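Student: I would like a close look at one part of this model, with its surroundings taken in as they come up. Please keep to what the coordinates show.

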Amino acid sequence: MSPRKRRSFLALATATAASLAGCSTSSTPGNDPTADVPTDLPTTAPPGSLVDDWQFDPADIGQGGGSGSKGGSGGGNVTYTAQTSAGNAVGLAAGGAKDVNNFRQNVKEGFLPLPSDMPYEGLFYDYYFDTGSAGDCDSLFCPRYAPAISADPLSGETERYLSVGLNSGLDAADFERKRLNFVVVLDVSGSMGSPFDEYHYDQDGGEETDDTRPKIEVARDALASLTEQLRPGDRFGVVLYNNQATVAKPLNPVETTDMDAIRGHIEADIDAGGGTNLSAGLDEASALFDDVADADPDVYENRIAVLTDAMPNLGDTSENGLESRLETEAGRGVHSTFVGVGVDFNTEIIDAITSVRGANHYSVHSADEFEQRLTDGFEYMVTPLVFDLSLELDATGYEIETVYGSSAAEESTGEVMHVNTLFASDREDGETRGGVVLAKLRQTGESGSLQLRASWEDRAGETNETTATVTFPDGGPEQFADTGVRKAVLLTRYADLCRNWAVAMREDDGDPPDDGITPVDYDDLGRWERQSTDLTVSPEYAERFESFADYFESEMAEIGDDSLSRELTVLEQLADAGVTTRRFGRLLER
């Protein structure tokens with residue numbers, strides 16, 4: 001049976017099973033935006049009526065002939081009305097990257113990271129920040145501002161910063177994700193057959209880690225675990241891609257699907273081989289959403305999740321072309337998550353294409369990490385709350401020099417800062433995970449008060465606005481309004497130093513750009529099929545890392561956050577690598 005005929009047959013079978021279950025697809029919330037939302041969806045359909053709608057044939061993507069194996073054998077409407085809370089509130093965090101795991105893992109394995117392996121918003125999301133009191137917040141988003149004056153620890157130059165605390169009045173007890181139209185797009189190309197700790201295009205791999213299984217094997221396990229997060233009222237589909245793409249499972253209701261059989265197929269049928277046509281995978285996923293285009297946006301969240309090592313080599317591999325696809329989908333309410341797999345995950349292309357509205361991305365390097373990302377943090381991963389945040393600065397003596405922690409930082413100007421999306425985020429003990437965006441300000445005249453106007457769009461498409469006045473303290477460094485802005489400044493300087501080093505080792509023979517810690521541009525490094533570069537640290541940067549580690553340790557003690565020690569470990573590894581390089585150079589000179 002051809003893929004098209006199989007798809008038509010399975011769609012008919014699914015509709016029949018839904019009718020038998022007493023819950024037809026026409027009555028599932030989202031198909032008719034004007035219909036009442038049923039609250040009594042069954043957990044499962046009656047015995048014998050569940051449908052195994054897996055339709056993958058390996059021949060569809062050039063992986064051999066024959067049919068696939070036969071496998072093995074409640075999402076209510078969400079109200080996002082902010083409420084006054086005494087501290088038990090959900091926080092907010094910027095979209096884009098959600099970690100810097102790839103940077104740390106490359107250093108650990110002895111590889112030189114890409115500058116894009118250290119995204120600012122990803123580094124912020126690894127930590128909790130004091131974002132000011134949320135107790136008096138009575139709306140979905142309540143920005144809180146904190147100024148700081150601090151000297152660059154390497155140059156001594158005085159710098160001024162302003163953090164934006166991303167608070168919400170949404171009570172944690174009332175937070176629940178919407179129902180999902182959810183399509184997973186899984187990369188099954190040849191590079192997914194390599195281990196987590198090796199570069200696929202290298203002749204020799206790196207040092208072994210705790211998990212040396214192929215990426216595709218761990219991705220299968222994680223995808224099977226992800227299905228456990230779905231519930232009645234959700235719809236779920238699967239697309240597989242290598243040289244080409246195919247629909248392995250149509251987008252159908254969970255409550256009428258034999259999910260045990262689907263998990264069996266995922267584990268038994270999927271293997272790695274072939275090229276990497278990411279654009280084809282995205283196109284197939286997009287087509288699945290055509291059938292639910294009338295889903296009520298107040299009831300359903302539409303999301304594509306791509307599991308990949310991000311090394312496209314077929315189809316449209318252009319940054320603009322892939323980004324345009326995501327923008328088109330976002331325009332019709334379908335947002336994207338990328339989960340990067342393995343030490344050779346190419347963050348450069350993903351960091352660029354996920355700067356669009358509603359997008360985010362993660363990186364994983366072990367089975368445990370993979371499962372945690374796709375299960376424990378699932379609700380936050382799929383729940384954007386605020387869009388198109390714009391912060392306008394009105395101050396005669398200051399202008400915005402650089403923005404950190406926003407995937408839309410390049411859109412910022414001297415007067416306006418942009419953040420495309422704010423996602424729901426965990427809030428504990430008055431601190432929010434990833435809950436800040438940081439602006440570095442340039443003083444252009446006589447200092448005075450800063451007038452700040454924040455405007456944004458909520459999920460219903462309504463525009464909101466707040467205004468505030470902020471004054472920098474008199475005197476010089478070191479002055480911080482709270483530990484949140486202090487931690488943000490520390491992590492920003494750390495990220496700048498690491499990114500500068502990654503550029504210098506490739507382009508500038510290891511020479512630092514100047515005396516301070518400033519972000520630098522880097523050239524396009526070329527092919528997406530990432531190859532490894534040995535970890536090297538020039539003597540100049542070894543001294544910088546060693547000096548900065550002392551500053552970092554001192555600030556860590558002032559802030560009182562021992563979890564920052566993981567970055568201190570990276571700094572010490574880099575400083576030690578520089579010492580080893582110097583010793584090796586002396587041996588060669590003898």
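Which residue just after α2 takes a positive phi, and of about what value?

Tutor: The residue is Gly-110, which follows directly after α2 and has a phi of about 85°. This is a predicted model, so the angle is a computed one.

The helix that Gly-110 follows, α2, spans residues 101–109 and is mostly covered, with eight of its nine residues buried. Those eight are Asn-101, Asn-102, Phe-103, Arg-104, Gln-105, Asn-106, Val-107 and Glu-109. The list takes in charged and polar side chains, among them Arg-104 and Glu-109, along with Phe-103 and Val-107.

Phe-103 gives a way out of the helix. Ring pairs join Phe-103 to a cluster that also holds Trp-501, Tyr-541 and Phe-545. The structure has 14 aromatic pairs. A pair of this kind is described by the distance of the ring centres and the angle of the planes. Tyr-541 has a further neighbour: the charged end of Arg-544 lies over the Tyr-541 ring, 5.8 Å from its centre.

Trp-501 of that cluster leads on to helix α11, residues 483–507. Before the packing of that helix, the sheet itself should be set out. Three strands make an open sheet in the order β3-β16-β15, paired antiparallel. Its edges are β3 (128–130) and β15 (427–428), each of which pairs on one side only. Against this sheet packs α11, in contact with β3 and β16, and its direction makes about 135° with that of β3. Within the sheet, three bridges connect β3 with β16 (residues 431–433) in the antiparallel sense, and Asp-130 stands opposite Glu-431 of β16. Strands of a sheet pair through backbone hydrogen bonds.

A charge-over-ring arrangement is also found here: the charged end of Lys-487 sits over the ring of Phe-129, 5.4 Å from the ring centre. Cys-498 is buried, since its relative accessible area is 0%, and buried means under 20%.

The loop between β15 and β16 holds Asp-429, which returns us to your question about phi. Asp-429 is not a glycine, yet its phi is positive, about 50°. Most residues other than glycine have a negative phi. With a relative accessible area of 83%, Asp-429 is exposed.

Asp-388 is a further non-glycine residue with a positive phi, near 50°. Asp-388 belongs to strand β12, residues 384–394, and at 37% relative accessible area it is partly exposed.

One peptide bond may be set beside these backbone angles. The bond from Pro-477 to Glu-478 is cis, with omega near 0°. Glu-478 is placed in the loop between β19 (463–470) and β20 (479–480).

For a second covered helix to set beside α2, take α6 (residues 278–288): eight of its 11 residues are buried, so it is largely enclosed by the rest of the structure. The buried ones include Leu-278, Gly-281, Leu-282 and Leu-288. Elements that cover them include β6 (179–187), β7 (235–241) and α7 (319–331).

Last, the structure holds one disulfide. Cys-137 and Cys-142 form it, with their sulfur atoms 2.0 Å apart. The link is right-handed, with 85° about the S-S bond, and both of these cysteines are buried.

Technical notes: Residues are numbered from 1 along each chain as its sequence is written. This is a predicted model: local features need pLDDT of at least 70, side-chain atom pairs count only at pLDDT 80 or more; totals for chains, interfaces and linings use all residues. Side-chain values use heavy atoms; hydrogens and water are left out. Two strands pair if DSSP finds at least two bridges between them. Helices (H or I, at least four residues) and strands (E, at least two) are DSSP runs, numbered from the N terminus. Contact means heavy atoms within 4.5 Å. Axes are lines fitted to C-alpha atoms, for helices over the stretch in contact, and angles run from 0 to 180 degrees between N-to-C directions. Rings of Phe, Tyr and Trp (its six-membered ring) pair if their centres lie within 6.5 Å; planes under 30 degrees apart count as stacked, over 60 as edge-to-face and the rest as tilted. A charge sits over a ring if NZ of Lys or CZ of Arg is within 6 Å of the ring centre and within 35 degrees of the ring normal. Buried means under 20% relative accessible area, exposed over 50%, partly exposed in between (1.4 Å probe, protein chains only). A disulfide is a pair of cysteine sulfur atoms within 2.5 Å.
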